[in-house]
Amino acid sequence: MTHGFRQLLSLFATVLLTGLLSGCASNDACYAPTTPHESLHSVYVIKRAWHTGVAVAAADWPNRNWPVLADFPESRYLEFGWGDARFYQAPAGEESWWLALRAAFFSTASVVHVIGFDRPTPEALLADEVIEVRLSAEGLRKLTASIEAEFNENTPKSFGAPLLGTPDPNKFYYAKRRFFFPRMCNWWTSQRLHDGGCPIAAWSVVSANRVIREAKGFASAP
């Protein structure tokens with residue numbers, strides 16, 4: 001079973017909310033028209049089955065003193081995903097509908113999952129799709145600050161075992177925000193993009209396909 005399926009099933013979106021919250025992708029950029037293109041920074045939206053995350057080049061991270069950077073000294077990029085602690089870390093083959101429902105409605109802890117990698121390609125990331133989105137320097141600062149704020153500690157410490165079936169290295173950290181339906185992993189990714197300046201209504205996003213559709217719209221904006 002894929003890593004994406006480990007995140008609580010945005011399947012709820014497909015089954016319950018398809019059409020209602022499908023929305024239309026924006027073709028607007030995530031930065032002001034007057035922003036010099038040479039000042040833009042790339043971030044990456046990554047899709048694995050029902051799950052999405054967002055990645056940033058480690059060298060572009062504005063807060064050079066953030067401790068998580070030191071946990072991935074050899075990685076050129078860091079991908080961030082979020083989800084229910086128990087479901088996200090369930091060993092392959094041990095996921096169940098009960099764990100999925102528990103995560104959606106009775107979650108007691110959430111985590112941020114960080115993956116270090118060297119090339120932003122589907123092959124390197126064992127991903128279905130990787131979409132490049134461009135942000136202004138200020139947008140990048142706000143997006144990375146919003147990611148830092150999701151960790152439960154000012155000096156985050158990883159715990160548990162790495163997640164099998166995803167690139168190495170990867171680590172889990174406890175997160176602040178409560179996980180519940182419909183505020184699941186794809187809402188979280190959308191909110192990070194919104195914080196970075198992208199014109200996306202994160203509250204309306206549940207499915208991974210919607211995140212990718214929006215990201216493709218931002219990527220194609222003039």
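1. Let's start with the parts list: this protein has nine helices and six strands. Keep in mind that you're looking at a predicted model. Buried residues account for 53% of the 222 in the protein. The accessible surface adds up to about 9,900 Å², and carbon and sulfur atoms own 55% of that.

2. How does the chain meet itself? Take the contacts with a separation of 6 or more: 78% of them link residues 24 or more positions apart.

3. Now find the sheet. Its six strands run in the order β5-β1-β2-β3-β4-β6, it's an open sheet, and the pairing is antiparallel. β5 and β6 (170-174) sit at the edges with a single partner strand each, so one side of each has no neighbour in the sheet. Going from one strand to the next, the twist averages 25°. If pairing is new to you, strands of a sheet pair through backbone hydrogen bonds, either parallel or antiparallel.

4. Zoom in on β3, residues 77-84, which pairs with β2 in the antiparallel sense over four bridges. Within that pairing, Ala55 has Glu79 of β3 as its bridge partner, and Val54 stands opposite Phe80 in β3. On to β4 (residues 110-117): β3 pairs with this strand over eight bridges, again in the antiparallel sense. There, Phe80 stands opposite Val114 in β4. How many of the residues in β3 are buried? Eight of its eight, so to speak a full house.5. Next, look at what lies on the sheet. Helix α8 packs there, touching β1, β2 and β3. The direction of α8 makes about 30° with that of β2.

6. Helix α9 (residues 208-220) is a nice one for checking with a ruler. At 1.5 Å a residue, its 13 residues should span 18 Å, and the end C-alpha atoms are 19 Å apart, which agrees. The buried residues of α9 are Ala208, Arg210, Val211, Ile212, Glu214, Ala215, Gly217 and Phe218. Notice that Arg210 and Glu214 are on that buried list alongside residues like Val211 and Ile212. As background, an α-helix has 3.6 residues a turn, so residues three or four places apart point the same way. What do the buried residues of α9 pack against? Their partners are β1 (41-48), β2 (51-57), β5 (129-135) and α8 (185-195).

7. Time for the inside. The largest nonpolar core has 35 residues, and those with the most contacts inside it are Trp66, Phe80, Val114, Val133, Ile147, Phe151 and Cys198. Helix α9 gives the most to this core, with four residues. You've met Phe80 and Val114 already, as the pair that stands opposite one another across β3 and β4.

8. Cys198 deserves its own look. Setting aside neighbours within four places in sequence, Cys198 is in contact with Cys30, Val133, Leu135, Leu193 and Phe218. Phe218 is one of the buried residues of α9, and Val133 is another residue with the most contacts inside the largest core. There is also a second, separate core of nine residues, including Ala57, Phe117, Leu125 and Ala127.

9. Last stop: the loop between β1 and β2, where you'll find Ala49. Is Ala49 buried or exposed? In between, as its relative accessible area of 22% makes it partly exposed; the cut-off for buried is under 20%. The C-alpha atoms of Ala49 and Asp128 are separated by 6.9 Å, though the two are 79 residues apart along the chain.

Definitions and conventions:
Residues are numbered from 1 along each chain as its sequence is written. This is a predicted model: local features need pLDDT of at least 70, side-chain atom pairs count only at pLDDT 80 or more; totals for chains, interfaces and linings use all residues. Side-chain values use heavy atoms; hydrogens and water are left out. Helices (H or I, at least four residues) and strands (E, at least two) are DSSP runs, numbered from the N terminus. The expected span of a helix is 1.5 Å times one less than its number of residues. Buried means under 20% relative accessible area, exposed over 50%, partly exposed in between (1.4 Å probe, protein chains only). Contact means heavy atoms within 4.5 Å. Accessible areas come from the Shrake-Rupley method with a 1.4 Å probe; for residues, only the protein chains shown count as cover. Two strands pair if DSSP finds at least two bridges between them. Axes are lines fitted to C-alpha atoms, for helices over the stretch in contact, and angles run from 0 to 180 degrees between N-to-C directions. A nonpolar core is a set of buried Ala, Val, Leu, Ile, Met, Phe, Trp, Tyr and Cys residues joined through side-chain atoms within 4.5 Å.
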